[in-house]
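Reader: I would like to go through this model with you and ask how each label was earned. Could you show me the sequence and the structure before we start?

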Amino acid sequence: MKLNLAGLSDRAPFEVAGVQLPPFDVAAMQADGRANPRWIHLGPGNIFRVFPARIAHDLLAAGDRWPITAVVPMDPAELDIQLGKHDLMTLSTILNPDGSRDYRVIAGIAEGLAWQRPEDFERLTQIVTNPELTLITMTITEKGYGIHDSAGNLSEQALAAIAAGPHGFHANTMANLAGLLVRRFEAGAAPINVISFDNFSHNGDKLRDSVMTIMRGWHEAGQLSNEGLAWADDAARVAFPITVIDKITPRPNTSVAEELAGLGFEDMGIEMLGRTPLAGFVNAEPTEYLIIEDVLVGEVPDFAAHGVHLTSRQVCDDFENMKVTTCLNPLHTALATAGVLLGFPTIDSEMRDADLRALVERLGWKEGLPVVVDPGIVNPEDFLREVLEVRFPNRFLPDDPARIAMDTSQKVGIRFGETIKKYLAQGRDLGELVAIPLVIANWMRYLLAVDDDGAPFDPSPDPLLAELQAHLDGVELGGDVDAHAALQPILSNPAIFGTNLYDTPLALRVEELFTKLVAGPGAVRTTLKETLA
């Protein structure tokens with residue numbers, strides 16, 4: 001078997017292997033989608049291909065026409081490897097906790113573009129003017145929304161984009177998106193929904209702020225009219241809803257690729273693009289949630305008929321608070337840095353370690369849950385219990401701690417800073433926070449790029465990695481350390497943590513823990529045990 005249009009012409013081998021195939025003519029759908037595009041998605045990575053693209057697939061299967069134009073903002077090779085060679089289809093491989101597998105060919109994409117290719121970007125500028133297109137969605141990770149440097153000033157990329165004007169190609173993703181909206185306005189100003197499916201607090205607000213900052217820069221420079229700025233700023237014509245998405249989608253795993261080869265697939269191997277493994281399949285857990293603020297404009301899909309919660313901003317906020325700031329994502333980050341330091345290969349293997357399990361149980365039950373508001377969609381205690389007892393321990397979901405450790409500097413402000421701010425606002429005793437300062441100290445220890453045995457490792461990519469490591473220059477495992485001198489520039493930065501941690505007792509606690517963590521080989525394990533005892 002091969003996953004492409006020619007391969008699907010013989011359906012029998014797929015059916016024998018238990019692979020669910022599209023119930024519609026994929027080639028005809030793609031031709032129609034190219035002729036009349038309706039939905040653009042930026043960043044067609046793993047979670048998109050197995051979740052939002054599957055929603056588009058299900059809409060198409062139900063006769064509701066919402067084909068997607070998938071756009072790769074970074075390396076065009078990502079498009080060629082993951083989607084191009086498979087005629088834009090994906091093999092969804094759901095890894096159930098009982099060891100069973102659910103296989104499904106997802107065909108929700110009609111066209112694939114890589115906007116760093118000039119001809120593809122030109123095509124995209126044409127697509128965005130189609131009045132029937134009303135969705136621009138994205139999964140580009142937190143750093144994709146950045147237009148400021150760590151000091152809070154507009155970045156060089158953003159300044160260059162503002163100076164260049166709205167009609168060219170820019171190095172900054174938000175500037176390109178803003179430029180597409182300008183073209184949309186100039187072509188008739190049809191309504192449009194610009195939606196982030198990325199995992200961070202108030203993602204739609206951040207998205208809107210970044211886009212509007214660029215557009216205001218163009219307006220002030222006389223490159224965008226009053227009417228164009230007013231159109232983009234009008235929530236009745238351009239919507240930026242907040243959303244929450246939840247589905248654990250690890251990088252493609254070698255064991256899954258081998259299993260697919262055993263089923264008869266000839267093209268489900270894993271290729272490396274730099275440090276990133278790419279494949280035609282996505283391995284993921286069965287659990288999933290997508291919550292969208294109900295402020296959409298124009299004609300949109302019947303999302304609710306396909307398991308999406310369209311609800312109030314308050315419910316989105318409450319669910320996001322529960323998931324992103326307390327009951328899932330902070331636990332993931334805690335396991336990520338500690339897991340790398342302690343040499344664990346997967347998240348599920350960490351959950352079988354008594355110390356690490358105690359860390360995330362303390363983080364969730366004792367420190368996070370007290371400031372959670374029940375969103376109504378799911379009970380927070382039930383959600384947390386499922387995370388700790390079903391989702392994270394799923395030994396058939398081989399998730400790499402290093403994957404979760406990517407871009408930690410962009411995550412800690414949301415995953416821990418929000419809880420700290422809630423403790424301050426509610427007058428709670430910050431002395432109750434034991435796990436949070438330990439996780440922050442572990443991250444500082446992780447930045448040394450030396451594991452608990454004293455062996456060097458390559459930290460996961462992070463836009464602030466070089467800057468943060470520079471503050472720790474001179475700190476060595478087993479050597480004398482001035483923790484305050486090393487950590488003060490980091491812990492005092494509200495752009496990282498959402499607050500100056502020195503305005504709380506937590507900074508000194510982090511300094512104390514960091515001093516213990518760098519005492520020598522084995523200190524991470526010892527400090528973990530002692531702190532949680």
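Author: Happily, and let me begin with one term: a residue is called buried when its relative accessible area is under 20%, exposed when that area is over 50%, and partly exposed in between. Please keep in mind that this is a predicted model. In helix α16, the buried residues are Asp-355, Leu-356, Leu-359, Val-360, Leu-363, Gly-364, Glu-367 and Gly-368.

Reader: How do you know that the length of α16 agrees with its number of residues?

Author: The expected span is 1.5 Å times one less than the number of residues. For the 15 residues of α16, at 354-368, that gives 21 Å, and the end C-alpha atoms are 20 Å apart, so the two agree. The helix does bend, by about 30 degrees at Arg-362. As for the spacing of buried positions, an α-helix has 3.6 residues a turn, so residues three or four places apart point the same way.

Reader: Which record feature covers residues 317-504?

Author: UniProt, in an unreviewed entry, places "domain: Mannitol dehydrogenase C-terminal" at residues 317-504. In the model, that stretch is 56% helix and 0% strand, with its end C-alpha atoms 25 Å apart.

Reader: Let's turn to strands. What makes β3 a mostly covered strand?

Author: Strand β3 spans residues 68-72, and 5 of its 5 residues are buried. In a regular strand the side chains alternate between the two faces of the sheet. Here Ile-68, Ala-70 and Val-72 are buried on one side, and Thr-69 and Val-71 are buried on the other.

Reader: How do you know that β3 pairs with β2 and with β6?

Author: Pairing needs at least two bridges between the strands. Strand β2, residues 39-42, is joined to β3 by 4 bridges, and β3 is joined to β6, residues 109-114, by 5 bridges. The pairing of β2 with β3 is parallel, and β3 and β6 also run parallel. Ile-68 is the bridge partner of Trp-39, and it stands opposite Ile-109 in β6.

Reader: Why are β1 and β13 said to stand at the edges?

Author: Four strands form an open sheet of mixed pairing, in the order β1-β5-β4-β13. Both β1 (19-20) and β13 (281-284) have a single partner strand, so one side of each has no neighbour in the sheet. Within that sheet, 6 bridges join β4 (residues 90-95) to β5 (residues 101-106), and these two run antiparallel. One such pairing sets Ile-94 against Asp-102 in β5.

Reader: Now the aromatic rings. What makes the pair of Trp-115 and Phe-121 edge-to-face?

Author: The structure holds 12 aromatic pairs. Trp-115 and Phe-121 form one of them, with 6.1 Å centre to centre and 80 degrees between the planes. Ring centres must lie within 6.5 Å to pair, and planes over 60 degrees apart count as edge-to-face, so the label follows. Both residues are buried, and together with Phe-169 they form one aromatic cluster.

Reader: And why is the pair of Phe-185 and Trp-231 called tilted?

Author: Their ring centres are 5.8 Å apart, and their planes meet at 40 degrees, so the pair is tilted: the angle is neither under 30 nor over 60. This pair links distant parts of the chain, with Phe-185 in helix α9 and Trp-231 in helix α11, 46 residues apart. Phe-185 counts as partly exposed because its relative accessibility is 21%, whereas Trp-231, at 0%, counts as buried.

Reader: How do you know that the charged end of Arg-38 sits over the ring of Trp-66?

Author: The charged end of Arg-38 is 3.8 Å from the ring centre of Trp-66, and the distance limit for this label is 6 Å. Likewise, Arg-428 lies over the face of Tyr-423, at 5.7 Å from the ring centre.

Reader: Last one: what makes the phi of His-202 and of Ala-449 worth a remark?

Author: Most residues other than glycine have a negative phi. His-202 has a positive value, near 50 degrees, and Ala-449 has one of about 60 degrees. His-202 is in the loop between β8 and α10, and at 27% relative accessibility it counts as partly exposed. Ala-449 is in the loop between α21 and α22, and at 13% it counts as buried.

Key: Residues are numbered from 1 along each chain as its sequence is written. This is a predicted model: local features need pLDDT of at least 70, side-chain atom pairs count only at pLDDT 80 or more; totals for chains, interfaces and linings use all residues. Side-chain values use heavy atoms; hydrogens and water are left out. Buried means under 20% relative accessible area, exposed over 50%, partly exposed in between (1.4 Å probe, protein chains only). Rings of Phe, Tyr and Trp (its six-membered ring) pair if their centres lie within 6.5 Å; planes under 30 degrees apart count as stacked, over 60 as edge-to-face and the rest as tilted. A charge sits over a ring if NZ of Lys or CZ of Arg is within 6 Å of the ring centre and within 35 degrees of the ring normal. UniProt positions are given in the numbering used here, feature names are shortened, and annotations may be inferred rather than shown by experiment. The bend at a residue is the angle between axes fitted to the seven residues ending there and the seven starting there.
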